[in-house]
Amino acid sequence: MTRTRVKICGMRSVEDALAAVEAGADALGFVFYPPSKRAIDAALCRVICQALPPFVERVGLFVDEAPEQVRKVLSIAPLSLLQFHGDENAAYCESFSLPYIKAVRMKPGTDLIALAQTYSSAQALLVDAYMPGMPGGTGLTFDWQVLPDNVGKPVILAGGLTPDNIDIAVRGVRPYAVDVSGGVESAPGKKDAALISQFVQGVLRGDAS
Ligand SMILES: O=C(O)c1ccccc1NCC(=O)[C@H](O)[C@H](O)COP(=O)(O)O
């Protein structure tokens, strides 16, 4: 059985990023959405990325951003993967010459299998909770039972995951990867090394069960 990959989102310091890598994270997320309490600028993102060891995915998150702004960030920060949380279409997502993930906020009627076809060029679909006016980082779970068995693409489970529910989530959904932000924070935008470590241990427990 393959192990569930772990992405820790909303990095804003070298200290938090290295703590996540030390705990076993495969990927780190950087939020380029100015209204977010986790927003980062490209210069700080670059500093953090340069402090990382090899083989850690550096994911840049955008919400309906102007293409020239995404390109400006990419010219400064060495991101390896993009994640789009808005109403971006596939042509837009493909246009930056980097692999990408499309985030989908789950609400009644969301057809993930159809979306996997619409975004056939995506590396994976990230499934998150839906809350009007919040494109991500809601801290809310959704009903995991609505997820189809075979989406046709790797699924990254997100939304309200914590050290307390992550083993159940991994066991129940068997996603390709999990993504967490608020569940491993001690304050808005500040990660907690102990919570990150507990979260990764919970993923391993879920994998083993
Ligand atoms: O985290 C944010 O503030 C955010 C804002 C706008 C778009 C996306 C955002 N986060 C994206 C993520 O990948 C989060 O990890 C994901 O939404 C789960 O967040 P949480 O429920 O807090 O674990």
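I looked up the ligand's polar contacts (pairs of N or O atoms within 3.5 Å) and found an oxygen atom of the ligand 3.0 Å from a polar backbone atom of Ser181. An oxygen atom of the ligand also lies 2.9 Å from a polar backbone atom of Gly139, and one is 2.5 Å from an N or O atom in the side chain of Asp128.

I note that this is a predicted model, in which local features need pLDDT of at least 70 and side-chain atom pairs count only at pLDDT 80 or more, while totals for chains, interfaces and linings use all residues. Residues are numbered from 1 along each chain as its sequence is written, and side-chain values use heavy atoms, with hydrogens and water left out.

Next I looked at the shell: 21 residues surround the ligand, each with a heavy atom within 4 Å of it, and Ser36, Arg38, Asp128, Gly137 and Asp179 are the closest. I sorted this shell by class into six nonpolar, eleven polar and four charged residues, with Gly counted among the polar ones and Asp, Glu, Lys and Arg as charged.

Last, I checked UniProt, where an unreviewed entry lists residues 6-201 for "domain: N-(5'phosphoribosyl) anthranilate isomerase (PRAI)", an annotation that may be inferred rather than shown by experiment.

Technical notes. A polar contact is a pair of N or O atoms within 3.5 Å; within protein, one must be able to donate a hydrogen and the other to accept it, and residues adjacent in sequence count only if both atoms are side-chain atoms.
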